[in-house]
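Visitor: I should like to learn how to read a protein model. May we go through one together, feature by feature?

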2 protein chains.
Amino acid sequence: MKIGILSIVGVGLIGGSIGLAVRQRKLAERVRGIGWRQQALDEAISLGAIDNGTLNLREGVVDADAVIFCTPVAGMVEQILTVAASAKRGTLLTDVGSTKAVIVGEVENRLPAGVDFVGSHPLAGSEKRGVRFADATLFEGRLAIVTKTPKTSAVALERTKALWEALGSQVRVMNPSEHDRAVAITSHLPHLLAATLAGILPPELTELTASGFRDTTRIAAGDPGLWSGIFGQNRTAVLAALAMFRERLQRIQDALERDDVAEIKQWLESAQKIREGLGDVTS
Amino acid sequence: MKIGILSIVGVGLIGGSIGLAVRQRKLAERVRGIGWRQQALDEAISLGAIDNGTLNLREGVVDADAVIFCTPVAGMVEQILTVAASAKRGTLLTDVGSTKAVIVGEVENRLPAGVDFVGSHPLAGSEKRGVRFADATLFEGRLAIVTKTPKTSAVALERTKALWEALGSQVRVMNPSEHDRAVAITSHLPHLLAATLAGILPPELTELTASGFRDTTRIAAGDPGLWSGIFGQNRTAVLAALAMFRERLQRIQDALERDDVAEIKQWLESAQKIREGLGDVTS
């Protein structure tokens, strides 16, 4: 695949990593960053993540062949629709948001003719923020979910898949609700639990935390603004995942109250097996 | 400090790391390993974790100046008392168990005269098992908790503190119950949550897990036999920590159900601040 002008809206860790990878792999003739602070754009240029940048959203997309939105999900629908109104015919719009049903649904309902939007969600990231943590290899070997609905253009879907594959990802096509239910379990519930656990740590026990507590709560260091938007948009699926978790937690609590060591051991063995199946067990 | 013969009961990741560090730092004249499989002892010798080994517990401790128990907590009291009955006068016994009230309480009640026991718990470890993962630097810069009760000998307490300090740890003295309540929150509750979360992952979502799920559940890969013993011995404090967690979880669920984005964001900000205060936020 080859893109003429690729505009990246939001040049932070994810947007910057896309820019770095696209430029290193020469997937576009020009990579333009759109940001809210000139300093961040200058940093992105000096790190090689973008060729040039602008603070003006419309100006940054008017001649773009593809635009990728790497901003917090809460404001993304309005940004996509603003860009759609300014973009030239045939421009491909996609995003990297962690929720898909609200974004894809609202955008599809209001998208002008001649512009295509396809939802994306690369399963790669970090609790870190900012283009200085951008990494050209961030998407290599990772899964990128691309959404398909009855309104999705077949051509736009293929172009979106090709973009992620060109960045080194494996692509999986899902419908937006299926995506949201899945990541509620694999990503949003873990964040909720990590933040809840971090939140109850009494200050006097800080020095008694070791790698177990630190790993279990690592993602709680993520951006609260970003994550409150994710929880807001995926409320229903997160509540369902939480209910499933609490039901299991209750059974474990019951076993502990009964001092049922055999059941506790069986539960731990089952969890160990599942966790070992995920690989990457490093400290 | 200088020990004549140091016997390590259980030469796995922790016992092996102690052996490696003691030998590299020349803190003992001889390091002897006591194990249950000759193959594991041979491996420990070839890795430099022990000078020699034996499968016979009594034989391994009869001339030891210090004995450190690095076995799962569930069987530790009996092992300590068996060794205490065979050890020479003045031998220091200590352990590395993750629970302290049951071990220290039961041992102190039944310890013969002339042998000292002091409970220890180095806050270092891994979900990995086996001497091949032993690391001489495992305790450097970490906290080691050493317990003190009205029955603890002042001399033995100082010898135990000196051992951990010689391994590079900072020592904190606590009473056993205080220790158990603290680690119920900082270690045992995180393990319980990680294992519960790992346990509810539907198999078809395995490939949708990314670093967030993997980090949050990493410790669920720990040894089920070891951990069921820990939960059994620290049941009361773990249930209290779980109650505190569930109370907070309910408040977050309520906020989600009300779609109270402001409260959710405030909660996430507070959790982020606490987590960032712990440091080590690396992916």
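**Reading the fold and its details**

Guide: Let us begin with the contacts of chain A: among those between residues at least 6 apart in sequence, 73% join residues at least 24 apart. Please keep in mind throughout that this is a predicted model.

Visitor: Which secondary structure elements does chain A have, and how many of each?

Guide: Chain A contains 11 helices and 9 strands.

Visitor: How does the radius of gyration of chain A agree with that of a compact globule?

Guide: One compares the value with what a compact globule of that length would have. For 283 residues the expected radius is near 19 Å, and chain A has 21 Å, which agrees. The C-alpha trace of chain A spans about 65 × 40 × 30 Å along its principal axes.

Visitor: What share of the residues in chain A is buried?

Guide: A residue is called buried when its relative accessible area is under 20%. In chain A, buried residues make up 58% of the 283. The accessible surface of this chain comes to about 11,000 Å², and 48% of that belongs to carbon and sulfur atoms.

Visitor: How far apart are the mean positions of the positive and negative charges of chain A?

Guide: There are 32 positive and 32 negative charges in chain A, and their mean positions are 5 Å apart.

Visitor: Let us turn to a single residue. Is A:Pro150 buried or exposed?

Guide: The cut-off for exposed is over 50% relative accessible area. A:Pro150 has 88% relative accessibility and therefore counts as exposed. A:Pro150 is found in the loop between strand 8 (143–147) and helix 6 (154–166) of chain A. Sequence distance and spatial distance should be read side by side: A:Pro150 and A:Asn175 are 25 residues apart in sequence, and their C-alpha atoms are 9.4 Å apart in space.

Visitor: How many aromatic pairs are there over all chains?

Guide: Two rings count as a pair if their centres lie within 6.5 Å. By this rule there are 6 aromatic pairs over all chains. In one of them, the rings of A:Phe231 and B:Trp267 have centres 6.0 Å apart and planes at 40°, so the pair is tilted. This pair crosses between chains, from helix 9 (residues 224–233) of chain A to helix 11 (residues 261–278) of chain B. A:Phe231 is buried, with a relative accessible area of 1%, and B:Trp267 also counts as buried, at 10%.

Visitor: Which pair is edge-to-face?

Guide: Planes over 60 degrees apart count as edge-to-face. B:Phe139 and B:Trp164 form such a pair, with 5.5 Å from centre to centre and 65° between the planes. B:Phe139 lies in the loop between strand 7 (120–122) and strand 8 (143–147) of chain B, and B:Trp164 lies in helix 6 (residues 154–166) of that chain, so the pair ties together parts that are 25 residues apart in sequence. Both B:Phe139 and B:Trp164 are buried.

Visitor: Which residues form one aromatic cluster?

Guide: One cluster is formed by A:Trp227, A:Phe231 and B:Trp267.

Visitor: What should one look for in the backbone angle phi?

Guide: Most residues other than glycine have a negative phi. A:Asp259, which is not a glycine, has a positive phi near 60°. A:Asp259 lies in the loop between helix 10 (235–257) and helix 11 (261–278) of chain A and is partly exposed, at 37% relative accessibility. In chain B, B:Asp259 has a positive phi of about 60°. B:Asp259 lies in the loop between helix 10 (235–257) and helix 11 of chain B, and its relative accessible area of 39% makes it partly exposed.

Conventions:
Residues are numbered from 1 along each chain as its sequence is written. Chains are lettered from A and ligands numbered from 1 in the order in which they are written. This is a predicted model: local features need pLDDT of at least 70, side-chain atom pairs count only at pLDDT 80 or more; totals for chains, interfaces and linings use all residues. Side-chain values use heavy atoms; hydrogens and water are left out. Helices (H or I, at least four residues) and strands (E, at least two) are DSSP runs, numbered from the N terminus. The radius of gyration is taken over C-alpha atoms; the globule rule is 2.2 Å times the number of residues to the power 0.38. Buried means under 20% relative accessible area, exposed over 50%, partly exposed in between (1.4 Å probe, protein chains only). Contact means heavy atoms within 4.5 Å. Accessible areas come from the Shrake-Rupley method with a 1.4 Å probe; for residues, only the protein chains shown count as cover. Lys and Arg count as positive and Asp and Glu as negative; His and the chain ends are not counted. The place of a charge is taken as NZ of Lys, CZ of Arg, CG of Asp or CD of Glu. Rings of Phe, Tyr and Trp (its six-membered ring) pair if their centres lie within 6.5 Å; planes under 30 degrees apart count as stacked, over 60 as edge-to-face and the rest as tilted.
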